[in-house]
Amino acid sequence: MPMPTEERVSQLVAALVEGRGFDLDGVAVSAAGRDQARVVITVDSEAAADLDAVADLSGIISEILDDAGDFGETPYLLEVTTPGIERPLTLPRHWRRARGRKVRITMRAGAEAPEGVPKFDARVGEATDTEVALVLGGRQKPHRVRVPLADIERAVVQVEFSAPGEAEMDLAGGVAPGRPAPGAPVQDMQGDNTTAASTEGTVA
């Protein structure tokens, strides 16, 4: 069953996604059953994306994929989604949009870890293209340190079920605009606006 590569799909949709004010955060192409393909396109934006904008984007992406004809006669399911709360932070813009959130961080081997601990939880503060301010100490003894992004091997946003301390949030600089507050109900924190469009993927 013919399926385009993820790189090919990215090339097809990148200009459209960016033109609509989104960032293309990822493309995944896989088999969905014996005779169907699945395409998942993850997009993000500075402000929280609304469902209508994501649905509109999905419809146009479907047309682009149909016109390209890379799936041949293979039917495919297209899903356009925004990142969930527990996605890894891998780019500077991810860190900026995660300001105010709690993250679990693993430092790279050999990198100097804050307070000598290579794996720890921290709250995200202001971030640049090269470093991020992290608030350590939790509610009891919050304090801020700066860490080069290059020294961080992995960072994943954590789901929180209670609001953080006021001092923590002050040091972090508050929550990034348009993002849910820490401790909000889990269904409100996911940030997953997903729309799926099933198409035969044939060329007219």
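Strands S6 and S7 run antiparallel and are joined by six bridges. This is a predicted model, and the pairing can be followed residue by residue: Val135 stands opposite Arg144 in S7. The two strands form a hairpin with six residues between them, and in that hairpin Gly137 takes a positive phi near 95°.

**The five-stranded sheet**

The hairpin belongs to a wider arrangement. S7 and S6 are followed by S5, S4 and S8 in an open sheet of five strands, with antiparallel pairing and the order S7-S6-S5-S4-S8. At its edges lie strand S7 (143–148) and strand S8 (152–157), each of which pairs on one side only. From one strand to the next, the twist averages 45°. As general background, strands of a sheet pair through backbone hydrogen bonds, either parallel or antiparallel.

If you look at the S8 side, you will find strand S4 (residues 102–107) paired with S8 in the antiparallel sense over five bridges. A handy landmark there is Arg104, which stands opposite Val156 in S8.

The loop between S4 and S5 holds Glu115. Glu115 is not a glycine, yet its phi is positive, at about 60°. Is Glu115 buried or exposed? With a relative accessible area of 58%, Glu115 is exposed, because the cut-off for exposed is over 50%.

**A pocket lined by S5 and S6**

Two strands of this sheet also help to line a pocket. The second largest pocket has a volume of about 170 Å³. Its lining is made up of 14 residues, and those closest to the pocket centre are Lys102, Arg123, Gly138, Glu160 and Glu168. Strand S5 (119–127) and strand S6 (131–136) are the elements that give two or more residues to this lining. Which element gives the most to the lining? That is S5, with three residues. By character, the lining of the second largest pocket divides into six charged, five nonpolar and three polar residues.

**The parallel pair S2 and S3**

Elsewhere in the chain, S2 and S3 run parallel and are joined by six bridges. Strand S3 (residues 76–81) is mostly covered, with five of its six residues buried. Thr42 is a good residue to click on here: it sits in strand S2 (residues 37–44), and its bridge partner in S3 is Thr81. Leaving aside residues up to four places away in sequence, Thr42 touches Asp23, Leu24, Asp25, Gly26, Thr81, Thr82 and Pro83. Its relative accessible area is 19%, so Thr42 is buried, given that buried means under 20%.

**Helices H1 and H2**

Leu12 has its place in helix H1 (residues 6–19). Not counting residues up to four places away in sequence, Leu12 touches Ile64, Leu65 and Ala68. Helix H2 covers residues 51–68, and Asp66 is in it. Which side of the buried cut-off does Asp66 fall on? Asp66 is buried, with a relative accessible area of 18%.

Two C-alpha separations are worth setting side by side, one for Leu12 and one for Asp66.

| Residue pair | Separation along the chain | C-alpha distance |
|---|---|---|
| Leu12 and Ile61 | 49 residues | 8.6 Å |
| Asp66 and Tyr76 | ten residues | 9.9 Å |

**The whole protein**

Stepping back, the secondary structure of the protein comes to five helices and nine strands. Along the sequence these follow the pattern α-β-β-α-β-α-β-β-β-β-β-α-α-β. The protein has 204 residues, of which 40% count as buried. Among contacts between residues at least 6 apart in sequence, 65% join residues at least 24 apart.

Notes:
Residues numbered from 1 in each chain as written. Predicted model: local features only at pLDDT ≥ 70, side-chain atom pairs only at ≥ 80, totals over all residues. Heavy atoms only, no water. Pairing = 2+ DSSP bridges. Helix = DSSP H or I, 4+ residues; strand = E, 2+ residues; numbered from the N terminus. Axes fitted to C-alpha atoms, helices over the stretch in contact; angles between N-to-C directions. Buried < 20%, exposed > 50% of the residue type's maximum accessible area, 1.4 Å probe, protein only. Contact = heavy atoms within 4.5 Å. 1 Å grid on protein atoms, 1.4 Å probe; cavity = no way out; pocket = protein on both sides within 12 Å on 5 of 7 lines; lining within 4 Å. Points joined across faces, edges and corners; volume = space filled by probe spheres on them. Nonpolar A, V, L, I, M, F, W, Y, C, P; charged D, E, K, R; others polar.
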